[in-house]
Amino acid sequence: MLEVITRTPRIEPMYRRAYALLIGVATVMGILAVVTAAAIDKRLLDPDGFLGPSWLRLPLMLAGAFIADLVPRALWQGRKTGYSRAALWHTAKERIVTHWNRERVTLVIMGLVCFYITYVSYRNLKSFLPFVMGTEKYDRALHRLDQALFLGREPAVVLHDLLGQGITAHLLSGIYIGFLPLVPFMLIAWLTWARNISYGYWFVTAQVMAWTLGTASYYALPTVGPGFYYSWLYKDLAETGTTTLMNSLSFGRNQVVNGAITDAVQSVAGFASLHCAITLLFALMAQYTLRSRLLHWVGWVNFGLTVIATLYFGWHYIADDIAGIAIAIFSFYLGAVASGQKFDRHGLASHPTTSTSVVPVDEED
């Protein structure tokens with residue numbers, strides 16, 4: 001039986017573990033990126049993102065986290081007072097005092113900075129892969145495994161025949177491409193709105209671990225994926241944003257590898273699927289930290305459709321998706337340990353054993 005104990009919670013142990021993991025992973029990834037760049041005589045690049053140039057991106061994310069928390073809340077409360085300026089300011093000020101304390105600000109800044117360093121290092125190390133490991137080596141082996149699992153047939157062809165290659169292609173393309181803006185938005189949401197600080201640390205530590213393990217998997221088993229290695233299997237698909245993206249990435253990879261361009265990164269690597277890993281992390285975090293059943297379903301449906309999309313468009317082999325799932329589960333559990341979570345006996349629910357000064361701790365009676 002669980003009961004809420006109102007007392008001064010144990011804060012420091014969770015902070016030490018979370019700090020160590022976040023800073024440690026970001027530092028290791030940054031050092032690896034710098035050392036690898038020097039070893040192959042390349043320079044580090046900060047890949048352009050949809051949030052703009054590098055000097056603007058992180059401040060925008062920090063400002064976005066703050067505004068995303070204050071503005072909707074002030075507007076929602078303001079409907080009761082006719083949106084008077086005094087009432088809106090009072091709501092915003094109260095939220096800053098009660099929610100944006102030192103613990104929250106530390107979480108948001110540390111989480112975003114460590115994730116940013118990890119992600120930029122990931123993109124560079126992914127780009128360096130052909131120069132360190134040579135061209136793809138294991139595509140044929142994983143392709144044969146796919147055929148064996150589907151009794152001699154191609155997984156992509158089976159899905160094309162079953163689901164069609166028109167409307168379904170557009171629907172799955174939207175799911176797959178939606179991943180790109182979803183990553184920073186979900187990060188900001190958990191860092192900003194998590195009622196319990198430990199949930200924010202859980203989310204961000206699991207994220208940095210997943211991107212780091214994904215980078216390691218690229219070097220452990222270099223592949224490009226069936227859509228690039230066996231592109232003829234996908235030639236009849238409807239033209240979508242995903243097919244356009246794949247063509248662009250294939251062209252960019254060839255240009256970078258051949259030395260035709262030096263101011264861009266190549267972004268093709270197959271094993272393991274980080275789309276599967278990260279969307280599974282989203283689903284798991286929603287399941288364990290949010291109360292809304294609707295959001296639980298949204299997370300799991302998004303994950304399931306992402307898995308289908310990776311095979312449908314040829315981004316990944318089956319083994320890639322399985323490895324991505326393994327990365328997500330390991331990162332999820334490690335993030336839980338680092339942030340002070342405690343799972344129940346069956347592992348189907350969790351509660352924090354550490355928290356902030358304003359959120360009580362759930363403990364076993």
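Begin by selecting Cys 276, Ala 277, Leu 280, Leu 281, Leu 284, Met 285 and Tyr 288 in helix α12, and then add Asp 321, Gly 324, Ile 325, Ile 327, Ala 328, Ile 329 and Phe 332 in helix α14, for these are the residues through which the two helices meet. In this contact, 12 residues are nonpolar, 1 is polar and 1 is charged. Keep in mind as you look that the model is a predicted one.

Next, show the whole of α12, residues 274-289, together with the whole of α14, residues 318-338, whose axes come within 8 Å of each other and cross at roughly 40°. That angle makes α12 oblique to α14, and the crossing in which α12 passes α14 is right-handed.

Now turn to the aromatic rings, of which the structure holds 20 pairs. Select Tyr 119 and Tyr 122, where the ring centres lie 5.7 Å apart and the planes stand at 35°, so that the pair counts as tilted. Both residues belong to helix α4, residues 102-133, and because they are 3 residues apart there, about one helical turn separates them. Tyr 119 is partly exposed, at 28% relative accessibility, whereas Tyr 122 is buried, at 4%.

Move on to Tyr 230 and Trp 232, an edge-to-face pair with 5.5 Å from centre to centre and 80° between the planes. Here Tyr 230 is buried, with a relative accessibility of 10%, while Trp 232 is exposed, with 52%.

As a last stop, return to Tyr 119 and Tyr 122 and add Phe 115, Phe 179, Trp 211 and Tyr 218 to the selection, since these residues together form one aromatic cluster.

How values were computed:
Residues numbered from 1 in each chain as written. Predicted model: local features only at pLDDT ≥ 70, side-chain atom pairs only at ≥ 80, totals over all residues. Heavy atoms only, no water. Axes fitted to C-alpha atoms, helices over the stretch in contact; angles between N-to-C directions. Helix = DSSP H or I, 4+ residues; strand = E, 2+ residues; numbered from the N terminus. Parallel < 35°, antiparallel > 145°, perpendicular 65-115°, else oblique. Left-handed = near helix turned anticlockwise from the far one by under 90°. Contact = heavy atoms within 4.5 Å. Nonpolar A, V, L, I, M, F, W, Y, C, P; charged D, E, K, R; others polar. Phe/Tyr/Trp six-rings, centres within 6.5 Å; stacked < 30°, edge-to-face > 60°. Buried < 20%, exposed > 50% of the residue type's maximum accessible area, 1.4 Å probe, protein only.
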